[in-house]
Amino acid sequence: MPWRSSITNVRQNIHWQAVVDGYTRILRAFAEDEIAKRTPSPDVITVADMAMKELKRVEDGSSRFVTYMYPFASEHRARLLAEMQCLSLLFDESWEHHEHDHNQTFFLSLMPPINNEDLHPKTPLQETVWKSIAAVYEEDERVGGNGGTGLIEFLTNYIKHPTPVKDFKTFTDFMDYRFNDGGMMVCWNSAKFSIGSNLSLQEPKMARIIRLLSEQMLESNDIASFDKEKKHWLAGNAKQFLTTNGTAIIRDLFALKSDEAAKALAYANQMETERQIDRELGDLLSTGQLSADEWHLVNAMLYCVTGNLISAVTMCRYGGQGARITTAEKGLNVNELGAAGMWPVILLCSAGVALASQSFYRCLNF
């Protein structure tokens, strides 16, 4: 398989059908909503259009993010995570296609009011989303966790987050912005929710590993989605592409002459991030800073990272039929395959980056 990472441990959630069902439930509600059919306007690709498109490819599409990123979730939690991630996906897709302000009001109207139990949903879509959110809170209360609460709170703020500045001076400046723009705390709170954890993500000893795992996920996602987003941008959509895709940022910062060079440098940077993850995990192991519960959470976040990678490799969202491996094909050249027409894996050796050490795998198998 066209695997572009030094991290090789991957797991799948056994409750994949619950994930598909959760995605389908939310997508149908959006596809049938009259306001979604007019947002941002009837003469362009609407939110309902996006939902209809995803409905046609649920099993092979973005539902795989939940199936692979949260392998430890129970059937009920897997379904709820699918519903919440589907909501986040549709907002992200609508922002990719259109200016941010056009859809913000609509998506914020779908979030239930805080401390106002007398207010009832006004549309079937609101009722569907509010019931899902209420179920997330109930599951937190049942297991004594708080990942679902953090997920809902951050998702609401994520919908409000500002558009990026037009000029980043350094890649670090860009990554500081992308940490929130990419909704990384949605992922980590979802990881908490998947295992029923109530640990704080703000602990200083967790700060560096969370940041590094976030950067790896953002970097690999931006490489995988580069071709898809550039295609939308050239068609007049994806208006924030040049200021939200890390591979595009790297091409601009280094004045590179081709997309292939930008992808190569972006991948080398991703591999360096993985080297730093390995070193940080080794330090945490050797110093004994983390409790068993904290290692369980780190383990869940590590599988979140590799789940993101395998999703990009296999889903139609990036690779489509061009990335599909069929049993009838013989003698496949792995360098000719890949999500979004990505380039061969040549930098693993040429960048001088070693594979993750044994400490990494000891953590993954904790």
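How much space lies in the largest cavity? That's where this set of close-ups of a predicted model starts.

**View 1. The largest cavity holds about 640 Å³ of space.** Asp92, Tyr158, Gly182, Asn221 and Arg317 are the closest to its centre, out of 31 residues that line the cavity. Several helices give two or more residues each to this lining: H3 (63-69), H4 (75-97), H8 (171-181), H9 (184-195), H10 (204-234) and H11 (241-244). As for chemistry, the lining of the largest cavity splits into 14 nonpolar, ten polar and seven charged residues. A search of the whole structure turns up three cavities of 30 Å³ or more.

**View 2. Helix H7 is largely enclosed by the rest of the structure, because ten of its 14 residues are buried.** The buried ones are Gly147, Gly148, Gly150, Leu151, Ile152, Phe154, Leu155, Thr156, Tyr158 and Ile159. Tyr158 also belongs to View 1, being one of the residues closest to the centre of the largest cavity. And the length of the helix? At 1.5 Å a residue, the 14 residues of H7 (residues 147-160) should span 20 Å, and the end C-alpha atoms are indeed 20 Å apart, so the two agree.

**View 3. A cis peptide bond joins threonine 39 to proline 40.** Its omega is near 5 degrees. Look for proline 40 in the loop that runs between helix H1 (16-32) and helix H2 (47-55). For context, most peptide bonds are trans.

**View 4. Alanine 255 has a positive phi, of about 50 degrees, although it is not a glycine.** Most residues other than glycine have a negative phi. Alanine 255 sits in the loop between helix H12 (246-253) and helix H13 (259-287). Is this alanine buried or exposed? Alanine 255 counts as exposed, because its relative accessibility is 63%, and the cut-off for exposed is over 50%.

**View 5. Glutamine 270 is a buried residue of helix H13.** Its relative accessibility is 2%, so glutamine 270 counts as buried, the cut-off here being under 20%. Which residues does glutamine 270 touch, not counting those up to four places away in sequence? They are Arg4, Ser5, Gln216, Glu219, Ser220 and Ile223. Compare the setting of alanine 255 from View 4, which is exposed and lies in the loop between H12 and H13.

Definitions and conventions:
Residues are numbered from 1 along each chain as its sequence is written. This is a predicted model: local features need pLDDT of at least 70, side-chain atom pairs count only at pLDDT 80 or more; totals for chains, interfaces and linings use all residues. Side-chain values use heavy atoms; hydrogens and water are left out. Helices (H or I, at least four residues) and strands (E, at least two) are DSSP runs, numbered from the N terminus. The expected span of a helix is 1.5 Å times one less than its number of residues. Buried means under 20% relative accessible area, exposed over 50%, partly exposed in between (1.4 Å probe, protein chains only). On a 1 Å grid over the protein atoms alone, a cavity is a set of points where a 1.4 Å probe fits but cannot get out, and a pocket is an open set with protein on both sides within 12 Å along at least five of seven lines; lining residues have an atom within 4 Å of a point. Grid points are joined across faces, edges and corners, and a volume is the space filled by probe spheres set on the points. Ala, Val, Leu, Ile, Met, Phe, Trp, Tyr, Cys and Pro count as nonpolar, Asp, Glu, Lys and Arg as charged, and the others, Gly among them, as polar. Contact means heavy atoms within 4.5 Å.
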